[in-house]
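New to this one? Take a look at the sequence and the structure below, and then we'll walk through a few parts of it.

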Amino acid sequence: MSHVPSWGVVATIRATAKDILNFAAHHLDLGAHRVFVYLDEDEPEARSALKRHPKCRVILTDDAYWRRRRKERGRPDGHQHRQVVNATHCYQRDPQVDWLLHADVDEFLLPGVSLQSQLAALAPTTGSARVRPMEALQSDPDDPPPDGQLWCKSFDVPLRARRERTIRTYPTFGTHLNGGFVSHVAGKILVRTGRENIVIRIHNAFVNNEKDTTLADLPDCKLIHLHAPSWEDWQSRYRYRLERGSYRPDLKGAAGYCSAAMTMHDLFSMLEQRGGLTALQEFYQEVCVATPALRTRLDRYGNLHAVTLDLDSKRARHFPKAA
């Protein structure tokens with residue numbers, strides 16, 4: 001009988017107990033053998049619930065933790081740096097799985113068929129496997145989807161088609177968007193465990209300081225990213241993302257392959273200067289709300305998807321005392 005590969009997920013998280021447990025429960029429900037949560041900030045309710053679950057491991061990254069990990073240097077300033085240190089630490093200390101996914105608390109795997117079977121079908125020489133993202137849209141309050149359903153958007157992988165279709169789909173802002181996404185298009189990776197000299201970064205694995213060349217795609221698995229699921233949620237994270245996160249000045253976005261495009265940092269800074277909150281709302285309305293017009297344009301290219309995550313039920317099933 002052939003070996004059925006096991007898999008797990010590691011995340012560095014600062015979030016509410018509900019969001020932390022939703023993330024863990026979703027992946028446990030898919031068949032994760034281990035869920036590793038590195039708490040970037042303590043959340044006692046979530047920490048207690050995770051400790052009680054036999055497949056979860058929770059690590060509080062307090063000052064003592066960082067003194068052990070990095071001695072004199074202590075806690076890294078950047079959240080991205082802390083993610084890399086924690087994911088690599090998890091990988092190196094034997095995560096008890098054959099494959100380890102590095103993800104964020106707002107990212108949820110969605111395999112079309114069993115993830116184990118997809119991993120089993122990979123060549124033995126494949127060291128990491130990429131899962132492409134789909135970005136969740138806010139429901140249109142005037143035309144909502146059925147209860148429990150999310151509208152999500154995807155993008156075309158070939159760069160030329162992606163560029164042309166993005167501009168048609170988002171007539172005002174498409175020039176500056178990579179695939180129409182506000183967040184990353186790189187997706188996340190599962191890394192085969194048991195290899196030497198591995199560093200797990202945000203979107204790639206590095207072997208001996210070189211990007212892993214044995215990477216394969218998992219076309220029958222997506223990563224649902226709840227990056228901007230509502231205007232209120234987006235605004236609550238916007239300033240941090242603009243200054244230090246996914247909209248920070250050094251990230252090129254669509255500007256990396258199109259001279260006419262602005263970086264997300266420059267685009268949002270310009271909108272704020274020209275029209276303040278109203279201009280940001282206009283951007284959000286065109287790009288992030290599942291209006292009938294946007295759904296029609298997305299559907300024309302096969303980039304509209306109806307998704308049901310049912311996170312409340314999963315959380316109640318796996319963490320009944322905390323639900």
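## Helix 7

Let's start with the buried side of things: in helix 7, the buried residues are Trp-231, Asp-233, Trp-234, Tyr-238, Arg-241 and Leu-242. They pack against strand 7 (138-139) and helix 8 (264-288). Keep in mind that this is a predicted model.

How far apart are the end C-alpha atoms of helix 7? They sit 19 Å apart, which agrees with the 18 Å that its 13 residues (231-243) should span at 1.5 Å a residue. There's a bend along the way, too: helix 7 turns by about 45 degrees at Arg-237.

## Two nonpolar cores

The largest nonpolar core has 47 residues, and Leu-50, Leu-218 and Phe-319 are the ones touching the most other members. Helix 1 (residues 17-30) is the top contributor to this core, giving seven residues.

Another core, of 27 residues, lies apart from that one; Leu-137, Phe-173, Tyr-238 and Leu-242 are among its members. Tyr-238 and Leu-242 may ring a bell, as both are on the list of buried residues of helix 7.

Now zoom in on Leu-50. Setting aside neighbours within four places in sequence, Leu-50 is in contact with Ile-20, Leu-21, Ala-24, Val-37, Cys-56, Val-58 and Phe-319.

## A three-stranded sheet

Here's an open sheet of three strands, in the order 10-11-12, with antiparallel pairing. Strand 10 (198-200) and strand 12 (210-211) are at the edges with a single partner strand each, so each has one side without a neighbour in the sheet.

Strand 11 (residues 205-207) and strand 12 run antiparallel and are joined by two bridges. Which residue of strand 12 is the bridge partner of Val-207? That's Glu-210.

Technical notes. Residues numbered from 1 in each chain as written. Predicted model: local features only at pLDDT ≥ 70, side-chain atom pairs only at ≥ 80, totals over all residues. Heavy atoms only, no water. Helix = DSSP H or I, 4+ residues; strand = E, 2+ residues; numbered from the N terminus. Expected span 1.5 Å × (residues − 1). Bend = angle between axes of the 7 residues up to and from the residue. Buried < 20%, exposed > 50% of the residue type's maximum accessible area, 1.4 Å probe, protein only. Contact = heavy atoms within 4.5 Å. Core = buried A, V, L, I, M, F, W, Y, C linked by side-chain atoms within 4.5 Å. Pairing = 2+ DSSP bridges.
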